[in-house]
Amino acid sequence: MLNKLLLANIGLIFFISTPLVYGQIKMNWNNYSQIPTNARIKGDQDILSPIGSDKVFVTISQLIAKEEVNPPEGGISTPNRDIGFISVFLNLENHLENSQIIGIENIKIFNESDEGLQSFRFEPTSVNLNPLEHSQLVFHLTNKTGFSGQDWVKAVVIYQVGEQSYGTKSEFVEVKKY
């Protein structure tokens, strides 16, 4: 019985620690050209500057952008339909031993050609992370105008932990057009 309990505890420790170790290795090997996740916003500008180390991290793990100019095959074309779609996959990590509330304040989409801001709808949201919890969220943003500029875009996520605002950004990804 003692061996089974010991084996169960070892399995639980392995199950909990594997994502932590993998996340650290992944962040060290490929930083996705990110603004440091501990960057603070100065005023209302999109200028992000590094500050001291935190124990709560938000990173963009994937960005998918597509533009559906043509109506779905066999579907009825409606003039006011959404044609621009972008999915922002976020990893949230709380390395503290107390719960943290992360406020996702804004997700901004910029094109590569002139860093122009794309018009997408986003509703701010809050996430409560339990102690030592990792979570993944996906935000699906849409617009009725598609993408302007070249066919490459990036996402900048502005989030708040406590009283401080931070930001992280993705690499540029190609917009798939249908």
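A residue counts as buried when its relative accessible area is under 20%. With that in hand, welcome to this predicted model: of the 178 residues of the chain, 37% are buried.

**The overall layout**

The chain holds one helix and eleven strands. Reading from the N terminus, the helix comes before the strands, in the order α-β-β-β-β-β-β-β-β-β-β-β. Among contacts with a separation of 6 or more, 70% join residues that are 24 or more positions apart. The chain exposes about 11000 Å², and carbon and sulfur atoms supply 56% of that area.

**Strand β5 and its partners**

A good place to start looking is strand β5, which covers residues 100-111. Is this strand mostly covered or mostly exposed? It is mostly covered, since nine of its twelve residues are buried. The table gathers its pairings.

| Partner of β5 | Residues | Sense | Bridges |
|---|---|---|---|
| β6 | 117-118 | antiparallel | two |
| β7 | 125-129 | antiparallel | five |
| β9 | 152-161 | antiparallel | nine |

Single residues help you find these pairings in the structure. G103 has S126 of β7 as its bridge partner, while N111 is matched with V153 in β9. Towards β6, F110 stands opposite L117. β5 and β6 also form a hairpin, with five residues between them. In that turn, E115 has a positive phi of about 60 degrees.

**The nonpolar core**

Which residues have the most contacts inside the largest nonpolar core? They are I86, L90, I102, I104 and I107, in a core of 28 residues. The elements that give two or more residues to this core are β3 (56-67), β4 (84-94), β5, β7, β8 (134-143), β9 and β11 (173-177).

I86 shows how many parts of the chain can meet at one residue. Leaving aside neighbours within four places in sequence, I86 is in contact with L63, I64, A65, I109, F120, F139, H140, L141, F147 and V153.

**A buried lysine**

K154 sits in strand β9. Why does K154 count as buried? Its relative accessible area is 10%, and the limit for buried is under 20%. The K154 side chain makes a polar contact of 3.3 Å with the side chain of E115, the residue with the positive phi in the hairpin turn. Not counting residues up to four places away in sequence, K154 touches L63, K108, I109, F110, E115, K169, S170, E171 and F172.

**Aromatic pairs**

A search of the whole structure finds three aromatic pairs. A pair of aromatic rings is described by the distance of the centres and the angle of the planes. Two of the pairs are described here.

The rings of F120 and F147 have centres 5.3 Å apart and planes at 50 degrees, so this pair is tilted. F120 lies in the loop between β6 and β7 and F147 in the loop between β8 and β9, so the pair ties together parts that are 27 residues apart in sequence. Both F120 and F147 are buried, and both appear among the contacts of I86.

For F122 and F139, the ring centres are 5.6 Å apart and the planes stand at 65 degrees, so the pair is edge-to-face. This pair links distant parts of the chain: F122 belongs to the loop between β6 and β7, F139 to strand β8, and 17 residues separate them. F122 is buried with a relative accessible area of 15%, and F139 is buried with 13%.

Definitions and conventions:
Residues are numbered from 1 along each chain as its sequence is written. This is a predicted model: local features need pLDDT of at least 70, side-chain atom pairs count only at pLDDT 80 or more; totals for chains, interfaces and linings use all residues. Side-chain values use heavy atoms; hydrogens and water are left out. Helices (H or I, at least four residues) and strands (E, at least two) are DSSP runs, numbered from the N terminus. Buried means under 20% relative accessible area, exposed over 50%, partly exposed in between (1.4 Å probe, protein chains only). Contact means heavy atoms within 4.5 Å. Accessible areas come from the Shrake-Rupley method with a 1.4 Å probe; for residues, only the protein chains shown count as cover. Two strands pair if DSSP finds at least two bridges between them. A nonpolar core is a set of buried Ala, Val, Leu, Ile, Met, Phe, Trp, Tyr and Cys residues joined through side-chain atoms within 4.5 Å. A polar contact is a pair of N or O atoms within 3.5 Å; within protein, one must be able to donate a hydrogen and the other to accept it, and residues adjacent in sequence count only if both atoms are side-chain atoms. Rings of Phe, Tyr and Trp (its six-membered ring) pair if their centres lie within 6.5 Å; planes under 30 degrees apart count as stacked, over 60 as edge-to-face and the rest as tilted.
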